[in-house]
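Biologist: I've just opened this one and I'm still finding my way around. Could we go through a few labels and see what backs them up?

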Amino acid sequence: MMNREELISKWLNNDLNDQELEAFKMLEDYDDLVKLHHGVQAFKAEDYNTSAELETVLKAIKTPKKSSTHWVKPLMRVAAVLAICFSIYYYTTTIDTTVTTQFAQKTWVELPDNSSVNLNAKSLLAFNKNSWKNEREVTLEGEAFFKVAKGSSFHVITKSGTVTVYGTQFNVKQRTHYFEVICYEGLVGVTYNSQETKLKPGDSFLIIDGKQIAKEKENRSTPSWLNNESTFKSLPYKEVIAEFERQYDVDITLLNIDSNQLFTGSFAHNNLDVALKAITLPLHVTYSKTNRTITLKRE
């Protein structure tokens, strides 16, 4: 049979099985423990006084009792408070703020230092508000345009590489087998495979299928997708199709089409039929639609 302390410990960790839960309910302090649990739901980590609670424990231990075991009950109650409070403190100080976008959705995010992020469709951004003053760091999956306030170093962590900046404007796109960073203002450092590349305004860093691709200078002041248009210059057609699917929430099938052929052009995000013509006519491709499924075919 599991002893009292083990039952309480497992209860605090939400780790009791049905049999152990019944044994826990039989404890003489069951009602007190449940009330304690409910009482700390509104607990705020910054108001917790660890020194005061420690003093309570010490007094409970040192106070003379008729029986040497009388101090165990108040001690266990205080221990329960400490365990739950520290759990809440750990949760509230380590949890990240996460922002996601779905297909055909974009959003704008303000960071704790007034830096801002425009998040493109089907993307994820995560950061920790509590540690922001010590470390300006975000995690990105997908594509985002950053306007970074001047200050300490700012890091964008992606699965493909890390981007480090000091007060600048830049775009990061990290998709399956695709990693691109474009600097629009300031200086950007891109770390990929443990090597850093410095980018000045207009410079790009592009990796497709593990290979670095040279690009011409960027002439725009911001990425085209901020104006609801996706633009491509000599990029594989499969990347065009993938972006089209994200912007319009559709599934596209290619028939007799080389997905690696290079495409130069653009499509708007606000008219499906016009956008389809924009990505098919230059390649002499036809298309058909059935609900959210689109088939592109070359005769």
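Modeller: Let's start with Asn291, which sits in the loop between β17 (286-290) and β18 (293-297). Keep in mind that this is a predicted model.

Biologist: Why is Asn291 called exposed?

Modeller: Its relative accessibility is 74%, and exposed means over 50%, so Asn291 counts as exposed. Asn291 also has a positive phi of about 55°, although it isn't a glycine.

Biologist: And Asn114, what makes that residue exposed?

Modeller: The cut-off is over 50%, and Asn114 has a relative accessible area of 58%, so it earns the word. You'll find Asn114 in the loop between β2 (107-110) and β3 (116-119). Its phi is positive too, near 75°.

Biologist: Now Glu245 in helix α6 (residues 237-248). How do you know that Glu245 has no salt bridge?

Modeller: The nearest side chain of opposite charge, Arg246, is 6.8 Å away. A salt bridge has to be within 4 Å, so that pair doesn't qualify. Glu245 is buried all the same.

Biologist: Which residues is Glu245 in contact with, leaving aside neighbours within four places in sequence?

Modeller: Phe103, Val250, Asp251 and Ile252.

Biologist: What makes up the lining of the largest pocket?

Modeller: That pocket holds about 590 Å³ of space. Of the 30 residues lining it, the closest to its centre include Lys215 and Phe232. By class, the lining has 10 nonpolar, nine polar and 11 charged residues. The largest share, seven residues, comes from β14.

How values were computed: Residues numbered from 1 in each chain as written. Predicted model: local features only at pLDDT ≥ 70, side-chain atom pairs only at ≥ 80, totals over all residues. Heavy atoms only, no water. Helix = DSSP H or I, 4+ residues; strand = E, 2+ residues; numbered from the N terminus. Buried < 20%, exposed > 50% of the residue type's maximum accessible area, 1.4 Å probe, protein only. Lys, Arg positive; Asp, Glu negative; His and termini not counted. Contact = heavy atoms within 4.5 Å. 1 Å grid on protein atoms, 1.4 Å probe; cavity = no way out; pocket = protein on both sides within 12 Å on 5 of 7 lines; lining within 4 Å. Points joined across faces, edges and corners; volume = space filled by probe spheres on them. Nonpolar A, V, L, I, M, F, W, Y, C, P; charged D, E, K, R; others polar.
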